[in-house]
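Please open the structure in your viewer and keep the selection tool at hand. The tour below goes stop by stop, saying what to select and what is there.

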Number of protein chains: 2
Amino acid sequence: MSKANVTAGERPYHHGDLQRAIVNAALEVLSETQSTEFSLRELARRAGVTHNAPYKHFADKRELLAAVSAVGFDLLAKRLTNAMQGQTSPRARLFAIARDYVRHGVENPALYRLMFGGYLTGPGDARPAIEIVAAEKTKALLADAIAQGALGRPLPKTPRNERKIAAGILIFWSLMHGLTLLLVDGLVGPSRKTDELSESVLQGMLEGLAKRISALPAGVWVGPREPAK
Amino acid sequence: MSKANVTAGERPYHHGDLQRAIVNAALEVLSETQSTEFSLRELARRAGVTHNAPYKHFADKRELLAAVSAVGFDLLAKRLTNAMQGQTSPRARLFAIARDYVRHGVENPALYRLMFGGYLTGPGDARPAIEIVAAEKTKALLADAIAQGALGRPLPKTPRNERKIAAGILIFWSLMHGLTLLLVDGLVGPSRKTDELSESVLQGMLEGLAKRISALPAGVWVGPREPAK
DNA sequence: CGCTTAAGTGGTCATTGTCAACATCGCCAA
DNA sequence: TTGGCGATGTTGACAATGACCACTTAAGCG
């Protein structure tokens, strides 16, 4: 096989972009099996290379998983940016973010768990740099929305407001992260109602639980499993 | 040896309560390595039995992990029940629950992840029964606290209120679950301020983000890593 | 043309999950 | 008492895996 040139494909080397091929294969397997316990060898098989080729690109299985996770963060950031585009008011943007955040998780459970899960829990080491960048991007989106008034009135990014904005981000993020994972774990549901759920949960939080609790949409259960079918 | 003596321990059979020994070993390794990627063989080694004695008690590694997870739920339920004891007002009980919930997670990261993580994500099968029971218990605690007025005014458990209570539980749980995991993942922190954090987050949510945002305690960062050290 | 070096190949090793065949013990029925 | 039975634990074996190694190939460059 001399060149084996694909249409526009860039394959400057033997296989051509094995790195990407491996990551893609991982994403495939991840969405098929919803588990990170695939073998590097299988990814190699899928990419049509020998069991060892991936090690030229990833020192470690961990490193490969980190790359996959980073892709997940990128997808999320793109998706959120996209979701905001159509919305005009800061409040609407906040809801759009919430909706698509939860969706992203529910639609890619294993990926979401990989992104936030503890595959690096052992050494307590630092997170891969790519992840940090992507997560920061997401955080910036939130900060903007809040500064522009997503929580009711604008909160310009003055040093004085900084901490309040951070508090808002933390609460919002906690809420959405928790809801997403509860849905992913099947602890609340059903998971096809994610849009209604994220909306009503966010709504309830914004108005303040102590004041009014907006009830859940019908047919939603809270708890480990549907109590009665 | 005729009848196993009860003095130093109950070992009515060969090893005696291997089941528990294995689970305990798993809990040990879990807290040492903070990872669920230990081998059944190592647990067997620790228990002083041969490599697949455990398989007489657990069909699967999955089944073993499920048992460990169930223990985690039990510990959590006990802890929450305990935390509530001292408190008099429903509101105080809610805060106590929040505090100890987050603590439980932060102090046992891997265990908490195991409890809610996706080691059973593959087949989408049902959760082990023991987990469900323990989780239901926790949920009942919350329902009581809310019914008694933890969110401001009492919400007696009438059919009419049922859905509102469920909504309250969901929001509260999502928030605490999310916060716990963000802390566990080191995405916010530092994690020694968990008490202040859970309190201020809960406070912020109760009062309603749209109304007043209570600022974060000082020295807390929101995001993937401490921005400047 | 020959050199350097990244990309891919094949082989190897300890470890792991799981299976099947045996051994051992308490218990119960004959 | 005895013999068997089932639960418990043991031994040996197997394929698959993560990781490492030395080797080969081919791209790019002077």
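## Stop 1: Chain A as a whole

Select chain A, whose secondary structure comes to eight helices and two strands. The model is predicted, so keep in mind that every value on this tour is computed from it. Colour the chain by secondary structure and follow the elements from the N terminus: they run α-α-α-α-α-α-α-β-α-β.

Next, colour chain A by accessibility. Of its 229 residues, 52% count as buried. Then look at contacts between residues at least 6 apart in sequence: in chain A, 63% of these join residues at least 24 apart.

## Stop 2: A loop residue with positive phi

Select Gln34(A), which sits in the loop between helix H1 (18–33) and H2 of chain A. What is the sign of phi here, in a residue other than glycine? The value for Gln34(A) is positive, near 50 degrees. Most residues other than glycine have a negative phi. Is Gln34(A) buried or exposed? Gln34(A) has a relative accessibility of 17% and therefore counts as buried, the cut-off being under 20%.

Now select Gln34(B). This residue lies in the loop between helix H1 (18–33) and helix H2 (40–47) of chain B. Phi of Gln34(B) is also positive, near 55 degrees. With 17% relative accessibility, Gln34(B) counts as buried.

## Stop 3: Salt bridges in chain A

Over all chains, the structure holds 21 salt bridges. Side chains of opposite charge can pair when their charged atoms come close. Three pairs are worth selecting.

- **Glu42(A) and Arg46(A).** Their side chains meet in a salt bridge, with 3.4 Å from N to O. The two residues are four apart in helix H2 (residues 40–47) of chain A, so about one helical turn separates them. Glu42(A) is partly exposed at 25% relative accessibility, and Arg46(A) is partly exposed at 36%.
- **Arg79(A) and Glu107(A).** The closest N and O atoms of this salt bridge are 3.1 Å apart. The pair links distant parts of the chain, 28 residues apart: Arg79(A) is in helix H3 (residues 61–85) and Glu107(A) in helix H4 (residues 90–107) of chain A. Arg79(A) counts as partly exposed at 21% relative accessibility, and Glu107(A) counts as partly exposed at 46%.
- **Glu199(A) and Arg99(A).** In this salt bridge the closest N and O atoms are 3.3 Å apart. Here too the pair links distant parts of the chain: Glu199(A) belongs to helix H8 (residues 194–207) and Arg99(A) to helix H4 of chain A, 100 residues apart. Glu199(A) is partly exposed, with 37% relative accessibility.

Finish this stop by selecting Arg79(A), Asp100(A), Arg103(A), Glu107(A) and Asp195(A) together: salt bridges that share partners join them into one network.

## Stop 4: A buried histidine in chain B

Move to chain B and select His104(B), in helix H4 (residues 90–107) of that chain. His104(B) has 3% relative accessibility, so this residue counts as buried. Which residues does His104(B) touch, not counting those up to four places away in sequence? Show Gly72(B), Leu75(B), Leu76(B), Arg79(B), Tyr112(B) and Met115(B), since these are the residues it touches. One of them can be checked with the distance tool: the C-alpha atoms of His104(B) and Leu75(B) are separated by 8.6 Å, although the two residues are 29 apart along the chain.

## Stop 5: Where the chains meet

Show both chains and select the contact, which takes 58 residues from chain B and 58 residues from chain A. The size of an interface is often given as the accessible area lost when the parts come together. Chain B and chain A bury about 5100 Å² between them, 70% of it on carbon and sulfur atoms.

How many salt bridges cross the interface of chain B and chain A? The rule finds zero. Between the chains there are two residue pairs in polar contact.

On the chain B side, the elements that give two or more residues to the contact are helix H5 (109–116), helix H6 (129–147), helix H7 (159–184) and helix H8 (194–207). H7(B) gives the most, with 16 residues. By class, this side has 30 nonpolar, 15 polar and 13 charged residues.

## Stop 6: How the copies are related

Superpose chain B on chain A. The fit has an RMSD of 0.1 Å, reached by a turn of 180 degrees and a shift of 0.1 Å along the axis. The two copies are thus related as by a two-fold rotation axis. As a last selection, compare the interface residues: 100% of those of chain B are also interface residues in chain A, so the copies meet through the same surface.

Technical notes. Residues are numbered from 1 along each chain as its sequence is written. Chains are lettered from A and ligands numbered from 1 in the order in which they are written. This is a predicted model: local features need pLDDT of at least 70, side-chain atom pairs count only at pLDDT 80 or more; totals for chains, interfaces and linings use all residues. Side-chain values use heavy atoms; hydrogens and water are left out. Contact means heavy atoms within 4.5 Å. Buried area is the accessible area (1.4 Å probe) that two parts lose on being put together, summed over both. A salt bridge is a side-chain nitrogen of Lys or Arg within 4 Å of a carboxyl oxygen of Asp or Glu. A polar contact is a pair of N or O atoms within 3.5 Å; within protein, one must be able to donate a hydrogen and the other to accept it, and residues adjacent in sequence count only if both atoms are side-chain atoms. Ala, Val, Leu, Ile, Met, Phe, Trp, Tyr, Cys and Pro count as nonpolar, Asp, Glu, Lys and Arg as charged, and the others, Gly among them, as polar. Copies are superposed by least squares on the C-alpha atoms of residues with pLDDT of at least 70 in both. Buried means under 20% relative accessible area, exposed over 50%, partly exposed in between (1.4 Å probe, protein chains only).
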